Amino acid sequence: MALEVGSIVEGRVTGITKFGAFVALEEGKSGLVHISEIANSFVSDVNQFVQLGQTVKVRVMSISPEGKINLSIKRALEEAPVRPNRAPGPSRPAEAVRPIPEHQQADGPSGDASFEERLKKFMQDSDSRMADKRQYFEHRSRNRRR
């Protein structure tokens, strides 16, 4: 059986490092369980969660073109399947899309008229302050040269 992204397989821990654990899989392949994918809690020492020779269930998170296999122990415990085209990470519920009221729509790229106006005012104020400071420091430096 070929390994597929999202499948849950059993493997044996063959190596432990400070950044994760190497797990031997079927057909002589091996993959890495990164320290962030060991448990749902904070992991400071991988040895506290897995031992050499231990059999663990892991979920295949990704397989690189070079053949590197990224695994997860904590996601193997989850019921929901992992989408292969998505980076692993916390999922959040889909947000409802609400239309923008017509009085708030703008012609600018951000679509927020008040933001565009505030940004324009900020840039003008900033340029004015920078010009004042530049003039002040030029005046001070001229007085020092005498």
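**Exercise 1. In which loop is Arg 75 found, between which strand and which helix?**

Work from the predicted model.

Step 1. Place the residue. Arg 75 sits in the loop that runs between strand S5 (69-72) and helix H1 (113-145).

Step 2. Check its accessibility. The relative accessible area of Arg 75 is 10%. Buried means under 20%, so Arg 75 is buried.

Step 3. Look for a polar partner. The side chains of Arg 75 and Glu 37 make a polar contact at 3.2 Å.

**Exercise 2. Describe the surroundings of Ser 7, starting from its place in the chain.**

Step 1. Ser 7 belongs to the segment before strand S1 (8-17).

Step 2. Decide whether Ser 7 is buried or exposed. With a relative accessible area of 15%, Ser 7 is buried.

Step 3. List its contacts, leaving out residues up to four places away in sequence. Ser 7 touches Val 58, Arg 59 and Val 60.

Step 4. Compare sequence and space for one of these partners. Ser 7 and Arg 59 are separated by 52 residues in sequence, while their C-alpha atoms are 5.6 Å apart.

Step 5. Turn to the side chain of Ser 7. One of its polar atoms lies 2.7 Å from the backbone oxygen of Glu 4.

**Exercise 3. Which residues of the largest nonpolar core touch the most other members, and which elements contribute to it?**

Step 1. The core has 19 residues, and those that touch the most other members are Leu 25, Ile 38, Val 58 and Leu 71.

Step 2. Two or more residues each come from S1, strand S2 (20-24), strand S4 (55-63) and S5. S4 gives the largest share, 3 residues.

Step 3. Take Ile 38 and set aside its neighbours within four places in sequence. Ile 38 is then in contact with Ala 21, Val 33, Val 43, Val 46, Phe 49, Ile 73 and Lys 74.

Step 4. Link back to Exercise 2. Val 58, listed there as a contact of Ser 7, is one of the core residues named in Step 1.

**Exercise 4. Summarise the whole protein: its elements, its burial, its contacts and its surface.**

Step 1. Count the elements. The protein has 5 strands and 1 helix, in the order β-β-β-β-β-α from the N terminus.

Step 2. State the burial. Among the 146 residues of the protein, 23% count as buried.

Step 3. State the range of the contacts. Of contacts with a separation of 6 or more, 47% are between residues 24 or more positions apart.

Step 4. State the surface. About 11,600 Å² is exposed, with 52% of it supplied by carbon and sulfur atoms.

Technical notes: Residues are numbered from 1 along each chain as its sequence is written. This is a predicted model: local features need pLDDT of at least 70, side-chain atom pairs count only at pLDDT 80 or more; totals for chains, interfaces and linings use all residues. Side-chain values use heavy atoms; hydrogens and water are left out. Helices (H or I, at least four residues) and strands (E, at least two) are DSSP runs, numbered from the N terminus. Buried means under 20% relative accessible area, exposed over 50%, partly exposed in between (1.4 Å probe, protein chains only). Contact means heavy atoms within 4.5 Å. A polar contact is a pair of N or O atoms within 3.5 Å; within protein, one must be able to donate a hydrogen and the other to accept it, and residues adjacent in sequence count only if both atoms are side-chain atoms. Accessible areas come from the Shrake-Rupley method with a 1.4 Å probe; for residues, only the protein chains shown count as cover. A nonpolar core is a set of buried Ala, Val, Leu, Ile, Met, Phe, Trp, Tyr and Cys residues joined through side-chain atoms within 4.5 Å.
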